[in-house]
Amino acid sequence: SSSSSSSSSVSCRAAKKVHTVQKGEWLSSIAPQYGVTTEQLAKENKALIGQGDMIFPGDQLKIPTVGGSGIKGVLVKITVALLIVAAASGIWPTIKEQMDEK
């Protein structure tokens, strides 16, 4: 019964996506996860954000719908997620050193 884990990947064509801001996130880290630019994300959420780009944990960001992100959007999303996990767990320097050795 693993139906709860992968349900979000099926609904790629949802009418309106919403992202709940987590601690340590910012517009430039959220935007690539959805294949949109930081500017598009800020513009879509102007009422919430205001003039600057300050967002806070728990904020509900509306994700602008952009066509044609395809596989590139998925790869960017995976890369960003891995970088966030690596940075959060403190293994980022280890990954960088391994890449330098090759």
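## Starting at Ala-31

Leaving out residues up to four places away in sequence, Ala-31 touches Val-36, Thr-37, Thr-38 and Leu-41. You'll find Ala-31 in the loop between helix 2 and helix 3 (38–44). Keep in mind as you look around that this is a predicted model.

Is Ala-31 buried or exposed? Its relative accessibility is 1%, and buried means under 20%, so Ala-31 counts as buried. There's a long-range pairing to look at here too: Ala-31 and Pro-64 sit 33 residues apart along the chain, and their C-alpha atoms are separated by 9.6 Å.

## The whole chain

Let's zoom out. The protein chain has six helices and two strands, and reading along the sequence gives you the pattern α-β-α-α-α-β-α-α. Of its 102 residues, 21% count as buried. The chain exposes about 7,600 Å², with carbon and sulfur atoms supplying 60% of that area.

How do distant parts of the sequence figure in the contacts? Take the contacts with a separation of 6 or more: residues 24 or more positions apart account for 55% of them.

## The largest nonpolar core

Ala-31 also belongs to the largest nonpolar core, which has 11 residues in all. The other members are Val-21, Leu-27, Ile-30, Tyr-34, Val-36, Leu-41, Ile-49, Ile-55, Leu-61 and Ile-63. Helix 2 (27–30) and strand 2 (60–63) each supply at least two residues of this core.

Ile-30 is a handy member to click on. Setting aside neighbours within four places in sequence, Ile-30 is in contact with His-19, Val-21, Glu-25, Leu-41, Ile-55 and Leu-61. Val-21, Leu-41, Ile-55 and Leu-61 are on the list of core residues as well.

## His-19 and its neighbours

Now hop over to His-19, which is found in strand 1 (residues 17–20). With a relative accessibility of 8%, under the 20% cut-off, His-19 counts as buried.

Which side chain makes a polar contact with the side chain of His-19? That partner is Tyr-34, and the contact is 2.8 Å. Not counting neighbours within four places in sequence, the residues in contact with His-19 are Glu-25, Ile-30, Gln-33, Tyr-34, Asp-59, Gln-60, Leu-61 and Ile-63.

## Asp-59, a buried charge

One residue on that list, Asp-59, is worth a visit of its own. Asp-59 lies in the loop between helix 4 (46–49) and strand 2. This residue is buried yet has no salt bridge. The nearest side chain of opposite charge is Lys-62, and it's 13 Å away.

Asp-59 does have a polar atom to look at, though: a polar atom of its side chain lies 2.9 Å from the backbone nitrogen of Phe-56. Leaving out residues up to four places away in sequence, Asp-59 touches His-19, Thr-20, Val-21 and Leu-48.

## Two spots on helix 5

Last stop: helix 5 (residues 70–89), where Thr-79 lies. Ala-81 is found in helix 5 too. Thr-79 has a relative accessible area of 44%, so it is partly exposed. Ala-81 is also partly exposed, with a relative accessible area of 37%.

Each of these can be paired with a residue much earlier in the numbering. Thr-79 and Pro-32 are 47 residues apart along the chain, with their C-alpha atoms separated by 9.4 Å. For Ala-81 and Gln-33, 48 residues apart along the chain, the C-alpha separation is 7.9 Å.

How values were computed: Residues numbered from 1 in each chain as written. Predicted model: local features only at pLDDT ≥ 70, side-chain atom pairs only at ≥ 80, totals over all residues. Heavy atoms only, no water. Core = buried A, V, L, I, M, F, W, Y, C linked by side-chain atoms within 4.5 Å. Buried < 20%, exposed > 50% of the residue type's maximum accessible area, 1.4 Å probe, protein only. Helix = DSSP H or I, 4+ residues; strand = E, 2+ residues; numbered from the N terminus. Contact = heavy atoms within 4.5 Å. Areas by Shrake-Rupley, 256 points an atom, 1.4 Å probe, with all protein chains shown as cover. Lys, Arg positive; Asp, Glu negative; His and termini not counted. Salt bridge = Lys/Arg side-chain N within 4 Å of Asp/Glu carboxyl O. Polar contact = N/O pair within 3.5 Å; in protein donor to acceptor, adjacent residues only side chain to side chain.
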